[in-house]
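Work through the exercises below with the sequence and the model open beside you. Try each task before reading its solution.

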Amino acid sequence: MLCPLVAVELWQTQVAFGIGLLGVYIGWRGVISKMTGFYDLAGAVKYLLYGLVSGMLLAMAVDRIILPAIILSSLNIISVSIVALLIGAAEAAFVMFLVARPRVVALRGSPPYGWALGLGIGSMQASYLIYRLFDEQLQSEYSGVNAVSVTLAFAISITSVLGHALPASWQGAMVLESSRIRPFLLSSIARAALIVCLVLSLFVPLLLLAALPAIALAWGLAQRVWLPSGMTPAAKQAFRRTTRQSDKHRKASDERVAGTPVDSEE
């Protein structure tokens, strides 16, 4: 078990959790906020809170079992992977339980609710790891508060938040298709790989790159397929049209020269 973090001051702890929570803002503003009017976002906020609470418990399991085992070399990579798989399975089961509730399925809100739930879980996982990263007692050349560790902290935050939100959203989309066992198994494996990757990145930051291809692939699927899967065909068309118009208006706003008249078509 790790020693108490006596070297981490209060402001450093606040910075660690602030960076961890930054991923929630990015995942919310970049995805969920675009769905205003298409889904019940009040319910998504509630699921975000569920994610924050459950994510803290899951992060404590990673912090108390996997991280000390890696530092003390008390477990080999196979044993660490098995423990990570158990934690990933617990998370996948919890996500499935919440996004498959009858009321949520009736509202067809499982995909965005799953995304919000994953944002909360991922942010807490990241916050705990960044908290450890800022501790100079961590046996890593990147520990402490410095430019390198802060940069690594931002990378951990984004990777963790997206890495947990994407499979949760996929599980939500699969629930609407009455598929539960396969998403549970595959998402458990994906989460286990992500957990090991994130923990090891405290010592070898380049390992975060291993998660990028999967996140990049899943990101496109989430935007095109998983998140809109709960909408009716007409709502999907309206959502895509609204998204295209928003991108067009944003581009026109960026390119407009101050003082020039505004085109009414914009």
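The exercises that follow concern a predicted model.

**Exercise 1. The overall fold**

Task: State how many helices and strands the protein chain has, and how much of the chain is buried.

Solution:
- Step 1. The secondary structure comes to 9 helices and 0 strands.
- Step 2. Read from the N terminus on, the order of elements is α-α-α-α-α-α-α-α-α.
- Step 3. The chain has 266 residues, and 47% of them count as buried.
- Step 4. Take the contacts between residues at least 6 apart in sequence: 79% of these join residues at least 24 apart.

**Exercise 2. The nonpolar core**

Task: Find which residues of the largest nonpolar core touch the most other members, and which helix supplies the largest share of this core.

Solution:
- Step 1. The largest nonpolar core has 68 residues, and I66, W115, I130 and I156 touch the most other members.
- Step 2. At least two residues of this core come from each of α1 (10-30), α2 (41-72), α3 (77-99), α5 (110-133), α6, α7 (181-200) and α8 (212-226).
- Step 3. The largest share, 12 residues, is supplied by α6.
- Step 4. Now look at I66. Leaving aside neighbours within four places in sequence, I66 is in contact with A61, V80, V83, A84, I87, I195 and V199.
- Step 5. As background, nonpolar side chains in soluble globular proteins tend to be buried together.

**Exercise 3. Two packed helices**

Task: Describe how α6 and α7 pack, using the angle and the distance between their axes.

Solution:
- Step 1. The axes of α6 and α7 are 10 Å apart, and the helices pack at an angle of about 175°.
- Step 2. Angles over 145 degrees count as roughly antiparallel, so α6 is roughly antiparallel to α7.
- Step 3. On the α6 side, the contact is made by I156, T159, S160, G163, H164, P167, A168, W170, Q171 and M174. On the α7 side, R182, P183, F184, L186, S187, R191, L194 and L198 make the contact.
- Step 4. Sorted by type, the residues of this contact divide into 10 nonpolar, 6 polar and 2 charged.

**Exercise 4. Two residues of α6**

Task: For H164 and I158, decide whether each is buried or partly exposed, and list what each touches.

Solution:
- Step 1. H164 lies in helix α6, and I158 has its place in helix α6 (residues 147-175).
- Step 2. Buried means under 20% relative accessible area. H164 has 0% relative accessibility, so H164 counts as buried.
- Step 3. I158 has 31% relative accessibility and therefore counts as partly exposed.
- Step 4. Not counting residues up to four places away in sequence, H164 touches E91, G118, I121, G122, Q125, R191 and L194.
- Step 5. With residues up to four places away again not counted, I158 touches G23 and I26.
- Step 6. For a distance along α6's surroundings, take I158 and L119: their C-alpha atoms are separated by 9.9 Å, and the two residues are 39 apart along the chain.

**Exercise 5. An aromatic pair and a buried serine**

Task: Say what geometry the rings of F17 and Y128 have, and which parts of the chain the pair ties together.

Solution:
- Step 1. The count of aromatic pairs comes to 6.
- Step 2. In the pair of F17 and Y128, the ring centres are 6.1 Å apart and the planes stand at 70°, so the pair is edge-to-face.
- Step 3. F17 lies in helix α1 and Y128 in helix α5, so the pair ties together parts that are 111 residues apart in sequence.
- Step 4. F17 counts as partly exposed at 23% relative accessibility, whereas Y128 counts as buried at 17%.
- Step 5. Ring pairs link F17, Y128 and Y131 into a cluster.
- Step 6. S127 also has its place in helix α5 and is buried, at 0% relative accessibility. Among the residues that S127 touches is F17; the others are A16, G20 and L21, not counting residues up to four places away in sequence.

**Exercise 6. Positive phi**

Task: Where are R108 and S178, and what is the phi of each?

Solution:
- Step 1. Most residues other than glycine have a negative phi.
- Step 2. R108 has a positive phi, near 55°, and sits in the loop between α4 (102-107) and α5.
- Step 3. S178 has a positive phi of about 60°, and its place is in the loop between α6 and α7.
- Step 4. R108 counts as partly exposed at 34% relative accessibility, while S178 is exposed, with a relative accessible area of 67%.

Definitions and conventions:
Residues numbered from 1 in each chain as written. Predicted model: local features only at pLDDT ≥ 70, side-chain atom pairs only at ≥ 80, totals over all residues. Heavy atoms only, no water. Helix = DSSP H or I, 4+ residues; strand = E, 2+ residues; numbered from the N terminus. Buried < 20%, exposed > 50% of the residue type's maximum accessible area, 1.4 Å probe, protein only. Contact = heavy atoms within 4.5 Å. Core = buried A, V, L, I, M, F, W, Y, C linked by side-chain atoms within 4.5 Å. Axes fitted to C-alpha atoms, helices over the stretch in contact; angles between N-to-C directions. Parallel < 35°, antiparallel > 145°, perpendicular 65-115°, else oblique. Nonpolar A, V, L, I, M, F, W, Y, C, P; charged D, E, K, R; others polar. Phe/Tyr/Trp six-rings, centres within 6.5 Å; stacked < 30°, edge-to-face > 60°.
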